[in-house]
Amino acid sequence: MKPPAFTHHACRTVEEAAELLDSSEDAKVISGGQSLVPMMNLRLANPAHLVDLNFVDGLGGIDAGSGTLTIGATARQHEVERSPVVASAAPLVAAALAHVGHPQIRNRGTVVGSICHADPAAEMPAVLTTLGGHVTAQSTAGTRTIDAGSFFDSYLTTALAPNEIATSVTFHTPNGSSGWSFEEVARRHGDFAIIGVVALLTVSDGVVSDARLTVFGGGATPVRITAAEQLLVGTATGDVDDALLARAAGATSETLRPSDDIHASADYRRHVAGVLVTRGIRTSLDRASTSA
Ligand SMILES: Cc1cc2nc3c(=O)[nH]c(=O)nc-3n(C[C@H](O)[C@H](O)[C@H](O)COP(=O)(O)OP(=O)(O)OC[C@H]3O[C@@H](n4cnc5c(N)ncnc54)[C@H](O)[C@@H]3O)c2cc1C
């Protein structure tokens, strides 16, 4: 199926793109087009103007700073997945990207586009929620940063205003005593997740000092499981036993309010999320013990 007619704008600067978004009522940014174009083909989106960022110089960077990893708006998912900078600064990002669609999708799709699209079953929004960080947004009014914790509003909805362009996303990078895990269940590798869990645990002097557990595919946005996180923080790693893991799994299932759909029931999602949280905690603790 072909999309409805639209005008394509090959912008050369972010300022030009921002002017276009301001002056046209019905304009949308296009980055990789791997979500927007299928939605247009299915008549779920019908923008009159596509504001294309792919011709803007300087938006494709992948840069590690002190405790941060910043990925520019036009950096393709596959470039990020294979980047030695990412492998060293935030291997969780690369591991999660291997689950995003198929190589053909990742050759065009962008990390920033995935975060802006905000599909609740997508991997990158959950990784940003877990690692923390921010999105940098630019419009004709200027530039602002939006904290990861307040970026995802609802299903396919973010804190970006319609006239804002996300020029980059910055992830906080874990320190040496942290361990991470990425777990997802999908019908086939490359499908959107039925349910998934991203975990990041920090261990100081043998005690869990910070815990971040995020479920994706279990609600309208990535969901932090704070009740399970609180069970872990302050616990000696040697005391993280089967009983504690079972309580963390229970807290996860109780927190989530997923929907039934053609792929799985809500009960199945709640149950599997609990199982994945226990696996995620174990793997993260193992990684933390070998990385310190
Ligand atoms: C067959 C198939 C399988 C897929 N499987 C998965 C999967 O398993 N997991 C997964 O996460 N994704 C999956 N995707 C989606 C893919 O990852 C997309 O690339 C991604 O969701 C969107 O990135 P994009 O760069 O293609 O964005 P686009 O399609 O260009 O844009 C998507 C939306 O974000 C907005 N947007 C994009 N960039 C910006 C920006 N810089 N500033 C402001 N708004 C912006 C657009 O206006 C649009 O509303 C799949 C896609 C296909 C076609």
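**Close-up views of a predicted model**

**View 1. Thr221 lies in the loop between β13 (207-216) and β14 (223-224).** Strands (E, at least two residues) and helices (H or I, at least four) are DSSP runs, numbered from the N terminus. This is a predicted model, in which local features need pLDDT of at least 70 and side-chain atom pairs count only at pLDDT 80 or more, while totals for chains, interfaces and linings use all residues. Residues are numbered from 1 along each chain as its sequence is written, and side-chain values use heavy atoms, with hydrogens and water left out. Thr221 has a relative accessible area of 18% and is buried (buried is under 20%, exposed over 50%, partly exposed in between; 1.4 Å probe, protein chains only). Leaving aside residues up to four places away in sequence, Thr221 touches Pro120, Phe152, Asp153, Ser154 and Val215 (contact means heavy atoms within 4.5 Å).

**View 2. Domain 1 (7-51) meets domain 2 (62-172).** The domain bounds come from an automatic or database assignment, which also gives domain 3 (178-291). Taken over C-alpha atoms, the centres of domain 1 and domain 2 are 19 Å apart. In contact are 13 residues of domain 1 and 16 residues of domain 2. About 1100 Å² is buried between the two domains, 65% of it on carbon and sulfur atoms; buried area is the accessible area (1.4 Å probe) lost by two parts on being put together, summed over both. Three residue pairs, both residues at pLDDT 80 or more, are in polar contact between domain 1 and domain 2 (N or O atoms within 3.5 Å; within protein, one must be able to donate a hydrogen and the other to accept it, and residues adjacent in sequence count only if both atoms are side-chain atoms). Helix α1 (residues 14-23) contributes the most to the domain 1 side, with seven residues.

**View 3. Arg188 and Asp191 form a salt bridge.** A salt bridge is a side-chain nitrogen of Lys or Arg within 4 Å of a carboxyl oxygen of Asp or Glu, and the structure holds seven. The N to O distance between Arg188 and Asp191 is 3.1 Å. Arg188 is exposed at 57% relative accessibility, whereas Asp191 is buried at 17%.

**View 4. Glu229 pairs with Arg224 in a salt bridge.** Their N to O distance is 2.7 Å. Glu229 is buried, at 6%, and Arg224 is partly exposed, at 28%.

**View 5. Arg270 and Asp267 form a salt bridge.** The closest N and O atoms are 2.6 Å apart. Both residues lie in helix α11 (residues 266-291), where they are three residues, or about one helical turn, apart. Arg270 is partly exposed at 23% relative accessibility, and Asp267 is exposed at 54%.
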